[in-house]
Amino acid sequence: MATINFKGENLIMERIEKRTLDLAWYMIENQATVRDLARVFSMSKSTVHNYLTTKLPDISLPMAQAVCDVLTFNLKERSSRGGNATKEKYRLMRESNSIQ
């Protein structure tokens, strides 16, 4: 069975590669989270994660390793960020109760 190549197929692939590289560059430069990238680039978190983990290694392996390092750092930091947010929440609740 023959496959049909569309003229726009290469253009679409170029756009995906450019978008993937833009995401990776932004993440590395800003130590951004997937959620930050999704917000800045108006994409879903799933799409951002998919581009960075599956498409980027085929485009640029060194950049993919740098992104992996940022993702690993963010994963390790996630629990402490959540713990700090909860601590702050209860501190504010205590303060508001003592004011009344």
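A helix here is a run of at least four residues that DSSP assigns as H or I, and helices are numbered from the N terminus. With that in hand, we can place our first residue: Gln31 sits in the loop between helix H1 (8-30) and H2. Keep in mind, as you look around, that this is a predicted model.

Let's start with the whole chain. Its secondary structure comes to four helices and zero strands, so reading from the N terminus you meet the elements α-α-α-α. The chain has 100 residues, and 20% of them count as buried. Its accessible surface comes to about 7800 Å², and carbon and sulfur atoms hold 56% of that area. Now think about who touches whom. Among the contacts with a separation of 6 or more, 57% are between residues 24 or more positions apart.

Back to Gln31 in its loop. This residue has a positive phi of about 50° although it is not a glycine. Why point that out? Most residues other than glycine have a negative phi. As for its surroundings, Gln31 has a relative accessibility of 44% and therefore counts as partly exposed, since that class lies between 20% and 50%.

Walk on past the loop and you reach helix H2, which covers residues 34-41. Which residues of H2 are buried? They are Val34, Leu37 and Ala38. Seen down the axis of H2, these buried residues fall within an arc of 100°, so they line one face of the helix. Turn to the face pointing away from the buried side and you will find the exposed residues Arg35 and Arg39.

Ala38 deserves a closer look. This residue of helix H2 has a relative accessible area of 9%, and because buried means under 20%, Ala38 is buried. Leaving aside neighbours within four places in sequence, Ala38 is in contact with Met43, Ser44, Lys45 and Val48. Ala38 and Leu23 are 15 residues apart in sequence, while their C-alpha atoms are 9.1 Å apart in space.

Just after H2 comes Ser42, with a positive phi of about 55°. Like Gln31, Ser42 has this positive phi although it is not a glycine. Ser42 lies in the loop between H2 and H3. Is Ser42 buried or exposed? Its relative accessible area is 68%, so Ser42 is exposed.

Beyond that loop is helix H3, residues 45-59, which packs against H2 at an angle of about 110°, with the two axes 8 Å apart. Angles of 65 to 115 degrees count as roughly perpendicular, and H2 and H3 are therefore roughly perpendicular to each other. On the H2 side, the contact is made by Val34, Arg35, Leu37 and Ala38. On the H3 side, Lys45, Val48, His49 and Leu52 take part. Sorted by class, the contact of H2 with H3 has five nonpolar, one polar and two charged residues. Notice that Val34, Leu37 and Ala38, the buried residues of H2, appear in this contact.

Our last stop is Lys55, in helix H3. With a relative accessible area of 29%, Lys55 is partly exposed. Setting aside neighbours within four places in sequence, Lys55 is in contact with Ile16, Thr20 and Asn50. Lys55 and Leu21 are 34 residues apart along the chain, and 9.6 Å separates their C-alpha atoms.

Methods. Residues are numbered from 1 along each chain as its sequence is written. This is a predicted model: local features need pLDDT of at least 70, side-chain atom pairs count only at pLDDT 80 or more; totals for chains, interfaces and linings use all residues. Side-chain values use heavy atoms; hydrogens and water are left out. Buried means under 20% relative accessible area, exposed over 50%, partly exposed in between (1.4 Å probe, protein chains only). Helices (H or I, at least four residues) and strands (E, at least two) are DSSP runs, numbered from the N terminus. The arc is that of the directions from the helix axis to the C-beta atoms. Axes are lines fitted to C-alpha atoms, for helices over the stretch in contact, and angles run from 0 to 180 degrees between N-to-C directions. Angles under 35 degrees count as roughly parallel, over 145 as roughly antiparallel, 65 to 115 as roughly perpendicular and the rest as oblique. Contact means heavy atoms within 4.5 Å. Ala, Val, Leu, Ile, Met, Phe, Trp, Tyr, Cys and Pro count as nonpolar, Asp, Glu, Lys and Arg as charged, and the others, Gly among them, as polar. Accessible areas come from the Shrake-Rupley method with a 1.4 Å probe; for residues, only the protein chains shown count as cover.
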